[in-house]
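Here are some exercises to work through with the viewer open. Try each task yourself before you read the solution.

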Amino acid sequence: MSNLAWLTPILHQALGDKVKVKQAKGVSGGDIHQAWWLQTNQGYLFLKTNHPKAEALFASEALALQVIQASQTLRSPQVIQHGANQQQTWLLLEYIEMQAQGDDYLRGQQLAQMHRQTHDQFGWQQTNYLGHTPQLNSWHDNWPEFFAQQRLKPQLGLAQQNGASLKLIELGERLINRVEVFFQTYQPPASLLHGDLWAGNSAFDLQGLPLIFDPASYYGDRETDIAMTELFGGYSEQFYAGYEAEWPLDPGYQSRKNLYNLYHILNHYNLFGGYYAKQAERLLAELTA
């Protein structure tokens with residue numbers, strides 16, 4: 001507990017000076033932050049910490065969680081407080097005990113309901129982060145241009161800096177100049193997105209009700225969230241049935257799915273390197289064929 005002594009004034013500020021930490025345990029599973037389960041005399045809490053330079057990551061995550069919660073669709077953890085001092089930055093959240101199994105049909109339905117929360121432009125209130133990669137979000141009226149210039153182009157630039165092959169870069173530049181081809185008969189609304197909806201960022205509470213967390217939210221094409229659920233798997237047929245029952249996808253989704261997942265594959269290459277470069281090349285070859 002001594003290494004968490006700095007937490008006392010933060011908890012006092014957030015919950016009053018009568019709150020006391022009884023127990024703190026490290027929680028594994030994250031790639032970027034340290035996480036803690038806290039037992040206090042006022043209940044359980046979930047805490048993320050990092051070095052002070054990571055304050056913007058927590059601020060953007062807190063905003064996205066609050067917007068998702070305000071949509072009254074999929075549940076997300078309640079934000080209690082975020083801040084920083086000279087030693088570290090933190091995000092204090094409601095603790096929700098989770099399980100892997102639950103009502104996946106309802107999860108699909110509620111995701112579609114969240115996607116029905118729309119904006120009149122594509123983008124977000126601030127730059128946020130996909131992992132620890134900055135994600136540009138300047139407001140834009142044109143979705144294909146937004147996706148080309150603020151999603152694919154920055155990732156391609158990072159890939160070039162990280163030593164990606166000339167073939168990957170050339171194919172990427174060719175695709176960026178042709179993105180509008182995928183949208184000749186499709187004009188999506190600007191939906192509220194989770195933004196990083198792999199299965200590890202969603203679960204169920206002990207009643208089997210769905211929840212999402214660790215968002216990289218913005219207003220964009222809802223198909224990007226669905227494509228991400230397919231990229232690494234983990235969602236059942238019931239999930240997709242629930243989504244389709246609430247808001248059927250456009251028939252052209254299958255032609256755009258790999259375009260949207262290319263963004264995440266490039267980001268994985270830029271974060272982790274290795275195998276993802278070849279995967280990105282294969283996707284680019286298919287998309288530019």
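What follows is a set of exercises on a predicted model, each with a worked solution.

**Exercise 1. Get a feel for the whole chain.**

Task: Work out how the radius of gyration of the chain squares with that of a compact globule.

Solution:
- Start with the length: the chain has 289 residues, and a compact globule of that length would have a radius of gyration near 19 Å.
- Now take the value for the chain, which is 20 Å, so the two agree.
- For the outer dimensions, put a box along the principal axes: the C-alpha atoms fill roughly 65 × 45 × 35 Å.
- Then look at burial, where under 20% relative accessible area counts as buried. By that cut-off, 51% of the 289 residues are buried.
- Next, take the contacts between residues at least 6 apart in sequence: 65% of them join residues at least 24 apart.
- To round this off, count the secondary structure: nine helices and 13 strands.

**Exercise 2. Surface and charge.**

Task: Find what share of the accessible surface belongs to carbon and sulfur atoms, and how far apart the centres of the positive and negative side chains lie.

Solution:
- The accessible surface comes to about 13,700 Å², and carbon and sulfur atoms own 47% of it.
- On the charge side, there are 19 positive and 27 negative side chains.
- Take the centre of each set, and you get two points 6 Å apart.

**Exercise 3. Put a small sheet together.**

Task: Which strands are at the edges of the open sheet that contains E6, E11 and E12?

Solution:
- Lay out the order, E6-E11-E12, with antiparallel pairing in an open sheet of three strands.
- The edges are E6 (98–99) and E12 (210–212), each of which pairs on one side only.
- Check the pairing of E6 with E11 (residues 202–205): two bridges, in the antiparallel sense. Met-98 has Asp-205 as its bridge partner, and Gln-99 stands opposite Phe-204.
- Move on to E11 and E12, which run antiparallel with three bridges between them. Here Ala-203 is matched with Leu-211.
- Finish with the turn: E11 and E12 make a hairpin with four residues between them, and Gly-208 in that turn has a positive phi of about 85°.

**Exercise 4. One glutamine beside that sheet.**

Task: Is Gln-101 buried or exposed, and what does it touch beyond its sequence neighbours?

Solution:
- Locate it first: Gln-101 is in the loop between E6 and helix H3 (104–115).
- The cut-off for exposed is over 50% relative accessible area. Gln-101 is at 62%, so it counts as exposed.
- Skip neighbours within four places in sequence, and the contacts of Gln-101 are Phe-204 and Gly-208.
- For a distance check, try Gln-207: it is 106 residues away along the chain, yet its C-alpha atom is 9.8 Å from that of Gln-101.

**Exercise 5. Another three-stranded sheet.**

Task: Why is one side of E7 and of E13 left without a neighbour in the sheet?

Solution:
- Write down the order, E7-E10-E13, which is an open sheet with antiparallel pairing.
- E7 (118–119) and E13 (219–220) stand at the edges with a single partner strand each, so one side of each has no neighbour in the sheet.
- As a check on one pair, E10 (residues 190–192) and E13 share two bridges, with Leu-192 matched to Tyr-219.

**Exercise 6. A strand with two partners.**

Task: Which residue of E5 is the bridge partner of Lys-48, and which one stands opposite His-82?

Solution:
- E5 (residues 89–94) is mostly covered, with five of its six residues buried.
- Its pairing with E3 (residues 43–50) is antiparallel over six bridges; Lys-48 partners Leu-91.
- E4 (residues 79–84) also pairs with E5 in the antiparallel sense, over five bridges. His-82 stands opposite Leu-91, so you meet that leucine in both pairings.- E4 and E5 form a hairpin, with four residues between them.

**Exercise 7. A mostly covered helix.**

Task: How many of the nine residues of H6 are buried, and which helices do they pack against?

Solution:
- H6 covers residues 223–231, and seven of its nine residues are buried.
- Those seven are Glu-223, Thr-224, Asp-225, Ile-226, Ala-227, Met-228 and Thr-229.
- The buried residues pack against H3, H4 (143–161), H7 (237–246) and H8 (253–272).
- Step past the end of H6 to Gly-233, where phi is positive, near 80°.

Note on methods: Residues are numbered from 1 along each chain as its sequence is written. This is a predicted model: local features need pLDDT of at least 70, side-chain atom pairs count only at pLDDT 80 or more; totals for chains, interfaces and linings use all residues. Side-chain values use heavy atoms; hydrogens and water are left out. The radius of gyration is taken over C-alpha atoms; the globule rule is 2.2 Å times the number of residues to the power 0.38. Buried means under 20% relative accessible area, exposed over 50%, partly exposed in between (1.4 Å probe, protein chains only). Contact means heavy atoms within 4.5 Å. Accessible areas come from the Shrake-Rupley method with a 1.4 Å probe; for residues, only the protein chains shown count as cover. Lys and Arg count as positive and Asp and Glu as negative; His and the chain ends are not counted. The place of a charge is taken as NZ of Lys, CZ of Arg, CG of Asp or CD of Glu. Two strands pair if DSSP finds at least two bridges between them.
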